Amino acid sequence: MIDRDYVTSFAELEETIAAEFANNMGHDSLALYQEFHGLHVDGWAGPKTLFQMQLPRCGRPDIERDKAGLLIEEAKWPNSCLRVHLRIDWSGFNESSMGISRSDAERAFRKAVKDWNAAINIVLSLDDGDAYTTIDFRNLGGSTLAWSHLANNNCGSKQQRYDIRRWSFHLLYLTILHEIGHLIGLTHDSQRVIMYPSIITSLEGLTSRDIKRALGLGYKPGKEEEPDKPFIQVGNHKAELDPVEQYETQPRGKCRVRFIEVDQDWTGEL
Ligand SMILES: [Zn+2]
């Protein structure tokens, strides 16, 4: 089973650690992982599997399970709270380490929000809303680029986090689209679309498959475009979150950040 422990451990994967971790996963879990990623399924951590495990990626698991261990297949925002306020805490945003200006980061959020609002009838709002999601920036370490709570059929507060290592506008925009995908209830997709666990840099935005999956959760097609609103400075807002859901991060060693290109195959080196 690929579970939360897998995800938190994933951030530490680097070379030899990856091999050790893969061995600890056990053959069945590794076989599931290989199947999801289209690798040869043998339950053993060969070089291609280890390479895949070291790619920078989203911190959510590829196979989502609830606390009882059951597969999560459908989760969304309830109809009673389809207007969701994104509360962005910029205090951890680091222009020099991220290589992107705050105005460009704001632009990436606006563009991603606008795209999702046009695709489905949830309204992701940058000013106010029925429910809210706190977004912040931290050093996530290891291979983890970003992380988000998954919609869970209730209107409670949720959280989203982005790493403060190097970004570009395009990579951040694609990653925000991906994390918002989780926020509305989408799990990872093994196809090379926005919801693939790593960034597919050649994508221009949401694919028809991503939108079709979102509509499959029970949302209706989007109608109105949300007008641009100013961001609200939140400062050191602390969200009250279920401790089990809270994503734990610890200082970790540096990891070379690498983004995959569409159809890129294994090259045998990092
Ligand atoms: Zn993800």
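**Sheet, helices and cores of the model**

In strand β6, Tyr-162 is the bridge partner of Ala-146. The structure described here is a predicted model. On the β1 side, Ala-146 of β5 stands opposite Cys-58. Strand β5, which covers residues 144–148, is mostly covered, and five of its five residues are buried. The two pairings of β5 differ in sense: β5 runs parallel to strand β1 (residues 57–58), with two bridges between them, whereas its pairing with strand β6 (residues 158–163) is antiparallel and extends over three bridges.

These strands belong to an open sheet of six strands with mixed pairing, arranged in the order β1-β5-β6-β4-β2-β3. The edges are taken by β1 and β3 (123–125); each has a single partner strand, so one side of each is left without a neighbour in the sheet. Helix α7 (residues 169–184) packs on this sheet and touches β1, β3, β4 (131–138), β5 and β6. The direction of α7 makes about 35 degrees with that of β5. Helix α6 (residues 102–119) lies across β2 (83–88) and β3, and its direction is at about 160 degrees to that of β3.

The loop between β5 and β6 contains Asn-153. This residue is not a glycine, yet its phi is positive, near 65 degrees. Asn-153 has 11 other C-beta atoms within 10 Å. Residues with 12 or fewer such atoms count as exposed, so Asn-153 is classed as exposed.

Helix α8 spans residues 208–216, and its buried residues are Asp-210, Ile-211, Arg-213 and Ala-214. Viewed down the axis of α8, these buried residues fall within an arc of 160 degrees, so they line one face of the helix. An α-helix has 3.6 residues a turn, so residues three or four places apart point the same way. The exposed residues Ser-208, Lys-212 and Gly-216 are carried on the face of α8 turned away from its buried side. The buried residues of α8 pack against α6 and α7. Just after α8, Gly-218 has a positive phi of about 120 degrees.

In soluble globular proteins, nonpolar side chains tend to be buried together. The largest nonpolar core of the model has 41 residues. Within this core, the residues with the most contacts are Ala-112, Ile-122, Ile-176, Leu-177, Ile-180 and Ile-184. Two or more residues are given to the core by each of the elements β2, α6, β4, α7 and α8. The greatest contribution comes from α7, which gives eight residues. When neighbours within four places in sequence are left aside, the contacts of Ile-122 are Trp-77, Leu-82, Val-84, Ile-184 and Tyr-219. A second core of seven residues is separate from the largest one; among its members are Cys-58, Phe-137, Leu-140 and Tyr-162. Two of these members also appear in the strand pairings: Cys-58 stands opposite Ala-146 in β5, and Tyr-162 is the bridge partner of Ala-146 in β6.

Note on methods:
Residues numbered from 1 in each chain as written. Predicted model: local features only at pLDDT ≥ 70, side-chain atom pairs only at ≥ 80, totals over all residues. Buried ≥ 20, exposed ≤ 12 C-beta atoms within 10 Å, placed from the backbone. Helix = DSSP H or I, 4+ residues; strand = E, 2+ residues; numbered from the N terminus. Pairing = 2+ DSSP bridges. Contact = placed C-beta atoms within 7 Å. Axes fitted to C-alpha atoms, helices over the stretch in contact; angles between N-to-C directions. Arc of directions from axis to C-beta. Core = buried A, V, L, I, M, F, W, Y, C linked by C-beta atoms within 7 Å.
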